[in-house]
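User: Hi, I'm new to this one and would like a walk through it. Could you take it slowly?

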Amino acid sequence: MTVRVKVCGTTSVRDAVLSAEAGADALGFIFAPVSKRLVTPQVAREAGLSVGPVVARIGVFLGQGLDEVLRTAEAARVSAVQLHGPLRGLYVRQVAAYYPVLRVVRPADLAVEADMWRDEPGVTLMLDAPEPGGGVPLDWAALRDVFPRGAWLAGGLGPANVAAAMQALNPAGVDAVSRLEASPGVKDPALVEEFVRAARPS
Ligand SMILES: O=C(O)c1ccccc1NCC(=O)[C@H](O)[C@H](O)COP(=O)(O)O
């Protein structure tokens with residue numbers, strides 16, 4: 001199975017284009033006000049329009065209200081929504097009625113959330129470190145027996161370790177931000193290229 005590669009924290013047309021040209025399958029646009037990579041829906045929309053019809057545009061939210069999520073996603077013209085934080089199942093289902101959802105979970109919550117979303121095709125699990133965008137890798141060895149089939153992996157991934165993470169857990173997709181940046185919110189083109197190449201060995 002070909003692993004999907006998501007480059008998160010896109011804040012400009014320049015970074016969207018360089019990530020798409022490097023071969024990213026998906027771009028993440030962070031709409032959580034706590035983030036150092038916060039982007040406006042208008043810039044996200046322009047950046048998303050600049051990468052053609054194939055690259056997915058994923059709106060990233062952390063504990064925000066349903067109205068805000070749906071309004072922002074619509075204004076930014078994203079193609080999917082990524083949900084962080086402790087959330088009720090009903091809320092996730094309400095978002096999933098409009099957008100494919102990447103539901104982000106910490107290792108501590110994995111068992112419960114994996115049970116909850118096992119038969120829900122519109123909701124895909126992404127395992128991430130407790131602090132999103134923190135650049136801290138998970139303990140892949142400890143997750144080997146419990147990592148759900150079809151789930152995505154994030155948390156401290158970058159060019160130097162993504163191949164080992166894939167070898168350990170066989171995720172359907174990988175996602176990264178802090179190890180691909182020159183400074184918070186600004187991509188380093190070489191790191192993005194190396195990340196995509198390392199995630200897709202020929
Ligand atoms: O990256 C952020 O600043 C952020 C803030 C609030 C919610 C989500 C955020 N990022 C979401 C992502 O998808 C990151 O790529 C993921 O957490 C991995 O980050 P990193 O460990 O830095 O690669």
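**A buried glycine and its surroundings**

Analyst: Gly59 is buried, because 30 other C-beta atoms lie within 10 Å of its own, and this residue is found in strand β3. Please keep in mind throughout that this is a predicted model.

User: Okay, and what does Gly59 touch, not counting residues up to four places away in sequence?

Analyst: Setting those neighbours aside, Gly59 touches Phe29, Phe31, Thr72, Ala73, Ala76, Val78, Val81 and Gln82. As for Ala80, which is 21 residues away from Gly59 along the chain, the C-alpha atoms of the two are separated by 6.4 Å.

User: How confident is the predictor, on average, in the chain?

Analyst: The chain averages a pLDDT of 97, and 100% of the residues score at least 70. For the complex, the predictor gives an ipTM of 0.99 together with a pTM of 0.97.

User: Why should I care about that pLDDT score at all?

Analyst: Because predicted coordinates should not be read in detail where pLDDT is low.

User: Let's do Leu27 next. Is it buried or exposed?

Analyst: Leu27 is buried, since 25 other C-beta atoms lie within 10 Å, and its place is in strand β2. Leaving aside neighbours within four places in sequence, Leu27 is in contact with Val7, Thr10, Ala16, Ser19, Val51, Val55, Arg57 and Ile58.

User: And how far is Leu27 from Val81 in space?

Analyst: Their C-alpha atoms are 11 Å apart in space, and the two residues are 54 residues apart in sequence.

User: What about His84, where is that found?

Analyst: His84 is found in strand β4, and His84 counts as buried because it has 21 other C-beta atoms within 10 Å, where 20 or more are needed. Leaving aside neighbours within four places in sequence, its contacts are Phe61, Leu62, Val104 and Pro132. Pro148, 64 residues from His84 along the chain, has its C-alpha atom 18 Å from that of His84.

User: Switching to the ligand: which residues come nearest?

Analyst: There are 27 residues around the ligand, and of these Cys8, Ser35, Pro132, Gly133 and Ser178 come nearest. Pro132 has already come up, as one of the contacts of His84.

User: Which strands supply at least two residues each of that shell?

Analyst: Strands β2 (26-30), β3 (56-62) and β8 each do so. Leu27 lies in the β2 just mentioned, and Gly59 is in β3.

User: How do the shell residues divide by class?

Analyst: The shell around the ligand has twelve nonpolar, ten polar and five charged residues.

User: Now helices. At what angle do α2 and α3 cross?

Analyst: The axis of helix α2 (residues 41-49) and that of α3 cross at roughly 40 degrees, and they come within 7 Å. The pair is therefore oblique, as 40 degrees is neither under 35 nor in the 65 to 115 range.

User: Which residues make that contact?

Analyst: On the α2 side they are Pro41, Ala44, Arg45 and Gly48, and on the α3 side Thr72, Ala75 and Ala76. By class, this contact has four nonpolar, two polar and one charged residues. Thr72 and Ala76 also appear among the residues that Gly59 touches.

User: Which loop comes between α3 and β4, and what sits there?

Analyst: That loop, between α3 (66-76) and β4 (80-84), is the place of Arg77. The phi of Arg77 is near 55 degrees, which is a positive value in a residue other than glycine. Arg77 is partly exposed, because 14 other C-beta atoms lie within 10 Å.

User: And what is the phi of Asn170 near?

Analyst: Its phi is near 50 degrees, again a positive value in a residue other than glycine. Asn170 lies in the loop between α7 (162-169) and β8 (173-176), and with 15 C-beta neighbours inside 10 Å it counts as partly exposed.

User: Last one: what is Ala163 in contact with, leaving aside its neighbours within four places?

Analyst: Ala163 is then in contact with Ala198 and Pro201. Ala163 and Ala198 are 35 residues apart in sequence, and their C-alpha atoms are 6.0 Å apart in space. Ala163 lies in helix α7 and is partly exposed, because 16 other C-beta atoms lie within 10 Å.

Note on methods. Residues numbered from 1 in each chain as written. Predicted model: local features only at pLDDT ≥ 70, side-chain atom pairs only at ≥ 80, totals over all residues. Helix = DSSP H or I, 4+ residues; strand = E, 2+ residues; numbered from the N terminus. Buried ≥ 20, exposed ≤ 12 C-beta atoms within 10 Å, placed from the backbone. Axes fitted to C-alpha atoms, helices over the stretch in contact; angles between N-to-C directions. Parallel < 35°, antiparallel > 145°, perpendicular 65-115°, else oblique. Contact = placed C-beta atoms within 7 Å. Nonpolar A, V, L, I, M, F, W, Y, C, P; charged D, E, K, R; others polar. pLDDT = per-residue confidence, 0-100. Near = placed C-beta within 6 Å.
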